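Thanks for coming, everyone. I'll keep this short. Have a look at the structure first, and then we'll walk through it.

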Amino acid sequence: MAAATLAGDVLKGTVPILVFLPFGLIPGAVAGFAAFCGHLFPVWLRFKGGKGVATYLGVLLGFAPSLVLVFAVFWLLVAWASRYSSLAALIATLAVPLGAWILGYEVAAILTAAMTVLVYLKHHGNIRRLIAGTEGRIGAKS
């Protein structure tokens, strides 16, 4: 079930972009951002959705696939060094807009910067636990 949920969340970000990207970068970016926001704030769940990392990856996959590599490298390095999945996701999402800007993907840099702000807002609880030292680590017993 977890794999199916992950795949659905990724596709939720990828499919709208693939549909609208043929109309240009801006329509593709708007479609991806709308899908991402719809995941974070779904109407049918009283605007209480997920934290957005898998859908963020889906948007990257559809809009600028090379940025998935930027995300993956940072996520893996931080997860390996810290064993905190949430910290790895936060650092990886912070690295992606910078990577997009360095690679000359201006629209992707703006899109991912906006999504990164929302990821940070949705991770406020994780950030508090990281600061307090109470966040669960990868592989730790609950």
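**Helix packing, core and a few single residues**

Let's start with α5 and helix α7, which covers residues 124–132. These two pack at about 115°, and their axes are 10 Å apart. The crossing of α5 past α7 is left-handed. Who makes the contact? On the α5 side, Ser86, Leu87 and Leu90. On the α7 side, Asn126, Ile127 and Leu130. By class, the residues of this contact are four nonpolar, two polar and no charged.

One caution before I go on. This is a predicted model. Please keep that in mind throughout.

Stay on α7 for a moment. Arginine 128 sits in this helix. Is arginine 128 buried or exposed? Exposed, because its relative accessibility is 54% and the cut-off for exposed is over 50%. For a sense of distance, take arginine 128 and alanine 35. They are 93 residues apart in sequence, and their C-alpha atoms are 27 Å apart in space.

Now back to α5, with another partner. α3 and α5 pack at about 25°, with 11 Å between their axes. That makes α3 roughly parallel to α5, since angles under 35 degrees count as roughly parallel. The crossing of α3 and α5 is left-handed. From α3 come Val53, Tyr56 and Leu60. From α5 come Ala89, Thr93, Val96 and Pro97. The class count for α3 with α5 is six nonpolar, one polar and no charged residues.

Next pair: α3 and α4. Their axes come within 7 Å and cross at roughly 145°. α3 brings Val53, Tyr56, Leu57, Leu60 and Leu61 to this contact. α4 brings Leu67, Val68 and Phe71. Here the classes are eight nonpolar, no polar and no charged.

Leu60 turned up in both of those lists: facing α5, and facing α4. So where does the solvent stand? Leucine 60 is buried, at 2% relative accessible area, because buried means under 20%. Its place is in helix α3. What does leucine 60 touch, beyond residues up to four places away in sequence? Pro65, Leu67, Val68, Phe71, Val96 and Thr112. One more distance: leucine 60 and alanine 113 are 53 residues apart in sequence, with 12 Å from C-alpha to C-alpha.

On to the core. As a general point, nonpolar side chains in soluble globular proteins tend to be buried together. In this model, the largest nonpolar core has 25 residues. Which of them touch the most other members? Phe36, Tyr56, Phe63, Leu67, Phe71 and Val96. Several helices feed this core. Those giving two or more residues are α2 (25–40), α3 (53–63), α4 (66–82), α5 (85–102) and α6 (106–122).

Take Phe63 from that group. Set aside the neighbours within four places in sequence. Phenylalanine 63 then contacts Ile17, Leu21, Leu25, Gly28 and Ala29. It also contacts Val107, Ala108 and Leu111.

Two loop residues to finish. The first is glycine 52, in the loop between α2 and α3. Glycine 52 is buried, with a relative accessible area of 3%. Leaving out residues within four places in sequence, its contacts are Phe36, His39 and Leu40. Look at the last of these. Glycine 52 and leucine 40 are twelve residues apart along the chain, and their C-alpha atoms are separated by 6.0 Å.

The second is arginine 83, in the loop between α4 and α5. What is the sign of its phi? Positive, at about 65°, although arginine 83 is not a glycine. Most residues other than glycine have a negative phi. Arginine 83 counts as partly exposed, at 39% relative accessibility.

That's the tour. Happy to take questions.

Technical notes
Residues numbered from 1 in each chain as written. Predicted model: local features only at pLDDT ≥ 70, side-chain atom pairs only at ≥ 80, totals over all residues. Heavy atoms only, no water. Core = buried A, V, L, I, M, F, W, Y, C linked by side-chain atoms within 4.5 Å. Buried < 20%, exposed > 50% of the residue type's maximum accessible area, 1.4 Å probe, protein only. Helix = DSSP H or I, 4+ residues; strand = E, 2+ residues; numbered from the N terminus. Contact = heavy atoms within 4.5 Å. Axes fitted to C-alpha atoms, helices over the stretch in contact; angles between N-to-C directions. Parallel < 35°, antiparallel > 145°, perpendicular 65-115°, else oblique. Left-handed = near helix turned anticlockwise from the far one by under 90°. Nonpolar A, V, L, I, M, F, W, Y, C, P; charged D, E, K, R; others polar.
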